[in-house]
Amino acid sequence: MDDDRPEVLLTGLLFYDLVLTGLGKPPTPGEEIWTAGMGCGPGGIANLAVAASRFGLRTSLATVFGDDFYGVHCQEVLAGQEGIDLALSRVADGWHTPVTVALALPHSRLRSSGGTPVHDRALVTHGQEPPYSQDQLMGDPPEARTALVHLEAEPRAWLAKAAAGGTQIYADVGWDPTQQWSTDLLEQLALCHAFLPNETEAMAYTRTDSAVAALGTLAELVPVAVVTRGAEGALAVDQTTGEYAGVPALAVDVLDATGAGDVFGASFVAASLGGWPLEERLLFAVLSAGLAVQHHGGALAAPGWYGIDRWWRSVTDPELKRTYGFLADRIPADVGPAVHYAPVTPPVRL
């Protein structure tokens with residue numbers, strides 16, 4: 001198909017992430033704790049962009065970079081290393097790229113389906129509001145096959161323009177710090193093709209008490225509704241095809257859960273653009289997220305086709321072979337070069 005449109009259009013706030021892993025417990029005032037692992041790289045909206053690009057999708061990102069070391073480094077990684085189109089992005093003179101330090105902590109009360117501790121995160125961020133809004137960056141958004149967005153309480157004008165131009169909107173939503181979970185936000189689903197909240201968010205916004213009930217409510221508001229459940233997998237309904245699916249999570253040892261939801265979303269879009277059945281789309285997204293949490297950071301932990309292919313070649317468990325047998329026909333002949341995972345430190349510029 002001769003189609004040069006971006007396959008994934010993105011806009012949002014970019015961060016420089018420094019992730020510390022291997023902490024046995026949270027630090028307390030006056031205490032120094034040595035960690036077992038560390039990684040760094042682009043974060044925030046970059047999580048979605050890298051995850052999509054590593055599946056060979058033409059990815060266009062509109063964001064703001066500071067003119068500092070962190071901004072320059074993130075540009076080099078995203079454009080030079082990952083091949084993401086930054087034509088819609090801007091560099092802001094005198095503005096500092098937001099920096100987040102993430103502490104990956106074991107959660108003693110939760111365990112993955114494999115029995116290993118699920119890691120929670122504590123985040124410390126420094127930054128200011130960017131000098132350009134999403135609407136300023138996008139203007140009249142280019143035609144694209146899909147857009148991956150994080151819905152916010154205040155609707156963005158560019159979103160309605162993109163939807164009117166034929167772009168399919170795949171939406172997620174973040175934690176509401178007010179914990180009011182205003183149902184007004186759900187009105188924006190009228191613009192969306194798919195909505196992919198996590199279980200907590202889905203139940204809070206729909207005022208329901210289970211993931212299944214939340215999914216049922218969301219399915220009345222958007223053609224494709226997905227509820228992610230962390231260690232319990234994911235549920236989805238596709239009204240356009242009449243499909244329902246529920247899949248378990250992959251049993252993995254979790255190193256860092258940063259950006260796992262973004263990897264899930266980008267992987268689901270990649271499979272959807274391929275026209276896969278709903279169950280395969282969910283399994284693929286769960287697998288991608290499961291592979292991502294075994295590496296540092298959000299953006300650079302995304303497996304891409306290279307990581308999916310390596311995992312598939314290593315599988316010996318008969319049940320996994322049956323469950324993911326569809327990959328034999330889905331993995332492309334050229335899976336691309338080896339992916340670059342988050343380095344311990346960025347290159348030093350003297």
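**Notes on two helix pairs**

1. A pleasant place to start is the pair H5 (residues 199-206) and H6 (residues 211-218): their axes come within 9 Å of each other, with a crossing angle of roughly 60°. Please keep in mind that this is a predicted model.

2. How should the arrangement of H5 and H6 be described? Angles of 65 to 115 degrees would count as roughly perpendicular and those under 35 as roughly parallel, so H5 and H6 are oblique to each other. As for handedness, H5 and H6 make a left-handed crossing.

3. If you would like to look at the side of H5 that touches its partner, pick out Glu199, Ala202, Met203 and Thr206; on H6, the residues they meet are Ala211, Ala214, Thr217 and Leu218. By class, this contact of H5 with H6 holds five nonpolar residues, two polar ones and one charged.

4. Now for the other pair, H1 (residues 45-53) and H7 (residues 260-273). Here the axes come within 8 Å and the crossing is at roughly 40°. That angle makes H1 oblique to H7. Is the crossing left-handed or right-handed? H1 passes H7 in a right-handed crossing.

5. Which residues form the contact between H1 and H7? From H1 come Asn47, Leu48, Ala51 and Ala52, and they meet Asp262, Val263 and Ala266 of H7. Sorted by class, the residues of this contact of H1 with H7 are five nonpolar, one polar and one charged.

6. For a side-by-side view, then: the H5 and H6 crossing is left-handed, whereas H1 crosses H7 in a right-handed way.

Methods:
Residues are numbered from 1 along each chain as its sequence is written. This is a predicted model: local features need pLDDT of at least 70, side-chain atom pairs count only at pLDDT 80 or more; totals for chains, interfaces and linings use all residues. Side-chain values use heavy atoms; hydrogens and water are left out. Axes are lines fitted to C-alpha atoms, for helices over the stretch in contact, and angles run from 0 to 180 degrees between N-to-C directions. Helices (H or I, at least four residues) and strands (E, at least two) are DSSP runs, numbered from the N terminus. Angles under 35 degrees count as roughly parallel, over 145 as roughly antiparallel, 65 to 115 as roughly perpendicular and the rest as oblique. A crossing is left-handed if the near helix is turned anticlockwise from the far one by less than a right angle, and right-handed if clockwise. Contact means heavy atoms within 4.5 Å. Ala, Val, Leu, Ile, Met, Phe, Trp, Tyr, Cys and Pro count as nonpolar, Asp, Glu, Lys and Arg as charged, and the others, Gly among them, as polar.
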